Amino acid sequence: MMLPDSPQNIVIVRAPSPSVHYIPGSMTSDTSSGILLTSHNHQQTTVSTIQQPVHSFSQPVSESWCLTSVKVIKFSFNWSINNFSFCREEMGEALKSSSFSANTNDKLKWCLRLNPKGLDEESKDYLSLYLLLVAAPNSDETKAMESQRAYRFVQGKDWGFKKFIRRDFLIDEANGLLPDDKLTLFCEVSVVADSVNISGQTQINSFKIPECQLSNEYQSLLDNPVYSDVTLVCGQREFPVHKAILSARSKVFQAMFEHKMLENERSRVEIEDIDGDIMFEILRFIYTGKAQNMEKLADALLPAADKYCLERLKVQCEEALCLTIDRDNVADTLILADLHSATQLRQQAIDFINTHSQDVLETPGFQMMIGTHPHLLADAYRAMASSQNNIICPPRKKQRTA
């Protein structure tokens with residue numbers, strides 16, 4: 001909060017907000033500290049609020065700049081009161097500390113004012129504590145005003161807490177705030193003096209870093225047969241490719257090219273169980289990490305991705321198929337997922353069957369699955385029974401004993 005207000009000086013006292021928290025801890029020099037109650041065993045109660053963290057953001061480069069430097073003078077004051085419990089001051093009566101300042105030449109003079117039994121009827125069960133500006137130059141030229149985090153002072157202006165701390169809490173020996181009946185108050189003040197602006201021009205040497213084209217460059221490598229060292233043959237289509245890239249991306253191709261297999265020796269691999277268009281999408285994914293036409297080819301790509309241990313592509317196919325599940329294709333989707341160990345797709349299909357059982361049971365696909373894959377029917381019913389928990393077994397009758 002801001003304190004004395006003159007054309008040259010603004011004084012800020014770091015102090016808690018009106019919501020008071022008592023936080024035991026050791027004394028620190030953090031500027032968020034306000035007024036402390038201290039004891040000889042270094043156990044303190046800090047009246048303070050927790051400051052929000054300051055986030056740093058990257059700033060764009062500008063042609064000109066300005067740096068404002070604010071001069072801040074910090075100082076502290078320690079006030080001890082012996083035999084505190086014998087203070088005779090009644091409600092509204094105050095004790096005052098001696099005046100203090102940042103240094104001997106400072107014209108700003110301060111003191112602390114304490115009401116041991118409160119300022120008024122409302123605060124009679126509390127200690128009231130205020131920081132008072134005793135003397136300030138040119139103080140008659142300003143008016144006192146308040147802001148969210150600072151207070152401006154003229155001479156004679158004070159700021160503090162009407163309900164600083166409950167008297168019974170302070171006197172309670174268990175809290176350790178009055179060792180040997182001695183009350184110690186610690187106050188930290190920050191005086192803000194002149195601010196200075198420093199400005200200049202920025203010499204901008206901007207670097208335009210090109211975007212990464214690795215994916216496009218590897219796509220060009222796939223499209224261009226230069227430097228290829230093996231050919232994949234799918235029906236009428238041939239794909240000149242590179243053993244190193246295929247081996248790095250697929251453990252299946254790695255094993256194929258590491259061993260003395262006929263395909264490796266001839267540098268020609270015949271693939272009979274995958275269509276040419278599907279094989280091209282497989283190679284596109286191997287080279288670039290991207291797959292296209294997923295919504296149309298997911299059911300055909302999933303077996304190929306499973307064959308060549310392309311786990312990421314396989315899960316992408318599962319996700320695409322999950323989005324198209326309906327009553328007519330859920331049985332075929334479940335069979336496909338089970339055949340290729342697509343666990344997430346399998347669970348989604350079973351959940352769909354359980355949720356829409358009345359619609360699915362009579363479909364041709366589901367009836368065919370009953371005959372060809374009965375274990376999937378058992379899995380579906382087991383999941384249904386587990387989720388609905390509608391199987392009730394009657395309790396067994398107890399055997400009579402002689």
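User: Let's start with one residue: what is the relative accessibility of Asp306?
Analyst: Happy to help, and please keep in mind that this is a predicted model. Buried residues have under 20% relative accessible area and exposed ones over 50%. Asp306 counts as partly exposed because its relative accessibility lies between those limits, at 26%.

User: Which side chain does Asp306 meet in a salt bridge?
Analyst: The bridge has an N to O distance of 3.3 Å, inside the 4 Å cut-off. The partner is buried, with a relative accessible area of 5%, whereas Asp306 is partly exposed. That partner of Asp306 is Lys314.

User: How many salt bridges does a search of the whole structure find?
Analyst: The pair of Asp306 and Lys314 is one example, and Asp168 with Arg166 is another. Searching the whole structure gives a total of 16.

User: What is the N to O distance in the salt bridge of Asp168 and Arg166?
Analyst: Asp168 counts as partly exposed at 46% relative accessibility. Arg166 is also partly exposed, at 33%. Their side chains meet with an N to O distance of 3.2 Å.

User: Where do Asp379 and Arg382 lie, three residues apart?
Analyst: These two form a salt bridge whose closest N and O atoms are 2.7 Å apart. Arg382 is exposed, with a relative accessible area of 52%. Asp379 and Arg382 are separated by about one helical turn because they are three residues apart in helix 13.

User: Which residues do salt bridges that share partners join into one network?
Analyst: Besides the pair of Asp379 and Arg382, there is a group linked through shared partners. Its members are Asp120, Glu122, Lys162 and Lys163.

User: At roughly how many degrees do the axes of helix 9 and helix 12 cross?
Analyst: Helix 9 covers residues 330-339 and helix 12 covers residues 364-372. Their axes come within 7 Å of each other. The crossing angle is roughly 35 degrees.

User: Which residues in helix 12 do Ala331, Asp332, Leu334 and Ile335 meet?
Analyst: The four residues named belong to helix 9. On the helix 12 side, they meet Gly365, Phe366, Met368, Met369 and Thr372.

User: How many residues of the contact of helix 9 with helix 12 are nonpolar?
Analyst: Two residues of this contact are polar and one is charged. The nonpolar residues number six.

User: Which residues make the nonpolar surface patch of about 370 Å²?
Analyst: Two elements each give two or more residues to this patch: strand 6 (64-81) and strand 11 (183-201). One of the patch residues lies in strand 6 and is partly exposed, with a relative accessible area of 39%: Trp65. The full set is Trp65, Leu67, Val196 and Ile198.

User: What distance separates the C-alpha atoms of Thr355 and Met384?
Analyst: Thr355 is in helix 10, residues 343-355, and counts as exposed at 60% relative accessibility. Along the chain, Thr355 and Met384 are 29 residues apart. Their C-alpha atoms are separated by 8.7 Å.

User: To zoom out, what percentage of the residues of the protein chain count as buried?
Analyst: The chain has 13 helices and 14 strands, and exposes about 25100 Å², with carbon and sulfur atoms supplying 50% of that area. Among its contacts with a separation of 6 or more, 63% come from residues 24 or more positions apart. Of its 402 residues, the share that counts as buried is 40%.

Key:
Residues numbered from 1 in each chain as written. Predicted model: local features only at pLDDT ≥ 70, side-chain atom pairs only at ≥ 80, totals over all residues. Heavy atoms only, no water. Buried < 20%, exposed > 50% of the residue type's maximum accessible area, 1.4 Å probe, protein only. Contact = heavy atoms within 4.5 Å. Areas by Shrake-Rupley, 256 points an atom, 1.4 Å probe, with all protein chains shown as cover. Patch = residues over 30% accessible without salt bridge, like charges linked within 9 Å, V, L, I, M, F, W, Y side chains within 5 Å. Axes fitted to C-alpha atoms, helices over the stretch in contact; angles between N-to-C directions. Nonpolar A, V, L, I, M, F, W, Y, C, P; charged D, E, K, R; others polar.
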